Amino acid sequence: MSVDIDPQELGFHRPFTAEITETLRIKNPNTHPVAFKVKTTAPKQYCVRPNSGRVEPGKEVEVSVILQAMKQEPPVDAKCRDKFLVQSVPITGDKEFANLASIWDGIEKSSIQEKKIRVVFLPPHGTAGASHLETPSKSSVANGAQGTPDVAPPAYSSPGEFSGSAGQRSVEEKDTQRNEVPSLAAAAPVFAKKCDPSPEELKQQLAKAEKLIAQLQQDKEGLRQRKATVADGSSSSRPAELAQQTHSGSEGVPVQITAILCFLSFMLAYLFF
């Protein structure tokens with residue numbers, strides 16, 4: 001029921017400061033088609049193309065596994081703890097034309113076949129031991145059997161697919177988008193809460209609005225009083241100006257003109273009388 005995997009271990013040759021691609025072959029020896037998924041314990045470090053698919057009976061599918069470029073070269077004696085998991089399920093006749101997503105959604109866990117693949121670091125090509133896989137040796141117990149360390153099993157997740165020469169950038173963009181989706185979903189209820197103010201906030205806003213209206217009314221009354229005061233001052237100053245003009249007009253004819261008129265009157269009286 002399960003698929004055949006070749007190779008059983010994925011070996012990547014140094015240096016690791018550049019992208020490295022290895023091929024994983026998944027063969028279906030069964031008489032019915034099989035759907036598969038490829039998962040890894042380090043989804044940010046690897047790209048897989050394709051990371052899921054379908055294998056027809058007696059056929060095989062080549063899967064490209066790309067190790068992303070590292071910023072720094074790991075130590076020579078560093079052991080890689082990354083692992084891959086290949087899951088496969090049979091495609092029955094009722095799901096022959098169904099898409100892969102619906103096949104995996106309706107499958108029972110007991111019918112899923114799994115195969116693990118270890119990742120090892122190898123020396124550069126052309127050096128001694130380049131073809132030897134650096135598989136960490138397991139400690140032996142007293143009866144000669146190989147012991148397994150008592151640790152929790154690693155968590156597997158599906159890596160992203162590689163596209164073109166800009167694989168690393170595309171993976172980073174996909175990781176960023178995946179990280180943004182839950183953050184946006186978490187921010188949605190917060191935004192909704194901010195858009196729907198509580199009754200206490202409404203009361204506070206109403207009180208502020210009433211206070212502002214009262215202040216504007218007071219400012220309006222003050223402007224009216226100032227205009228009235230200015231109007232009263234201008235109306236009272238006008239009679240004073242008129243009285244001053246009247247007073248200046250009642251002062252009479254200047255003395256020189258009066259003297260001239262008197263002299264003319266005297267001369268007329270002397271000449272005719």
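Trainee: What is the relative accessible area of Glu-62, and how should I read it?

Mentor: Let's start with the idea. This is a predicted model, and each residue can be placed by how much of its area is accessible. Buried means under 20%, exposed means over 50%, and partly exposed is what lies in between. Glu-62 has a relative accessible area of 48%, so it counts as partly exposed.

Trainee: Which residue does Glu-62 pair with in a salt bridge?

Mentor: The general point comes first: side chains of opposite charge can pair when their charged atoms come close. Here, the partner of Glu-62 is Arg-25, with 3.6 Å between the closest N and O atoms. Arg-25 sits in strand β3 and Glu-62 in strand β7, so look at the sequence spacing too: the pair links distant parts of the chain, 37 residues apart. Arg-25 is partly exposed, because its relative accessibility is 31%.

Trainee: How many salt bridges does the structure hold?

Mentor: Five. One of them joins Glu-9 to Arg-118, where the closest N and O atoms are 3.8 Å apart. That pair also links distant parts of the chain, with Glu-9 in strand β2 and Arg-118 in strand β9, 109 residues apart. Arg-118, at 24% relative accessibility, counts as partly exposed.

Trainee: Which residues are joined into one network by salt bridges that share partners?

Mentor: Begin with a single pair. The side chains of Arg-54 and Glu-56 meet in a salt bridge, 2.8 Å from N to O. Arg-54 has a relative accessible area of 27%, so it is partly exposed, and Glu-56 is partly exposed at 35%. Shared partners then bring in another residue: Arg-54, Glu-56 and Glu-96 form one network.

Trainee: Let me step back to the overall layout. How many helices and strands are there in the protein?

Mentor: There are four helices and nine strands. To read the layout, follow the elements from the N terminus: the order is β-β-β-β-β-β-β-β-α-β-α-α-α. Then ask how far apart contacting residues are in sequence. Among contacts with a separation of 6 or more, 71% are between residues 24 or more positions apart.

Trainee: What percentage of the residues count as buried?

Mentor: Of the 273 residues, 24% count as buried. To read the inside, look for buried nonpolar residues whose side chains join up. The largest nonpolar core has 25 residues, and Phe-12, Ile-26, Tyr-46 and Phe-84 have the most contacts inside it. Strands β2, β3, β4, β5, β7, β8 and β9 each supply at least two residues of this core, and β7 gives the most, with four. A second, separate core has five residues, including Ala-35, Val-89, Ile-91 and Trp-104.

Trainee: Which residues does Phe-84 contact beyond its sequence neighbours?

Mentor: A contact list is read by setting aside the neighbours within four places in sequence. For Phe-84, what remains includes Leu-10, Val-38, Tyr-46, Val-48, Val-65, Ile-117, Val-119 and Tyr-156. Lysines appear as well, among them Lys-39 and Lys-115.

Trainee: Where is Pro-7 placed?

Mentor: Pro-7 lies in the loop between β1 and β2. Its relative accessibility is 26%, so it counts as partly exposed. With neighbours within four places left aside, Pro-7 is in contact with Thr-23, Leu-24 and Ile-117. You can also check a C-alpha distance: Pro-7 and Ile-26 are 19 residues apart along the chain, and their C-alpha atoms are separated by 9.2 Å.

Trainee: How many disulfides does a search of the whole structure find?

Mentor: Zero. The test is a pair of cysteine sulfur atoms within 2.5 Å. You can still read cysteines by burial: Cys-47 is buried because its relative accessibility is 0%, and Cys-80 is buried at 8%.

Trainee: And the outside? Which residues form a nonpolar patch on the surface?

Mentor: First the whole surface: the protein exposes about 19400 Å², and carbon and sulfur atoms supply 57% of it. The patch includes Ile-257, Ile-260, Leu-261, Phe-263, Met-267, Tyr-270 and Phe-272, and its residues together have about 1200 Å² of accessible area. Ile-257 lies in helix α4, residues 255–272. With a relative accessible area of 43%, Ile-257 is partly exposed.

Definitions and conventions: Residues are numbered from 1 along each chain as its sequence is written. This is a predicted model: local features need pLDDT of at least 70, side-chain atom pairs count only at pLDDT 80 or more; totals for chains, interfaces and linings use all residues. Side-chain values use heavy atoms; hydrogens and water are left out. Buried means under 20% relative accessible area, exposed over 50%, partly exposed in between (1.4 Å probe, protein chains only). Contact means heavy atoms within 4.5 Å. Accessible areas come from the Shrake-Rupley method with a 1.4 Å probe; for residues, only the protein chains shown count as cover. Patches are made of residues with over 30% relative accessible area and no salt bridge: like charges are joined within 9 Å, nonpolar side chains (Val, Leu, Ile, Met, Phe, Trp, Tyr) within 5 Å. A salt bridge is a side-chain nitrogen of Lys or Arg within 4 Å of a carboxyl oxygen of Asp or Glu. A nonpolar core is a set of buried Ala, Val, Leu, Ile, Met, Phe, Trp, Tyr and Cys residues joined through side-chain atoms within 4.5 Å.
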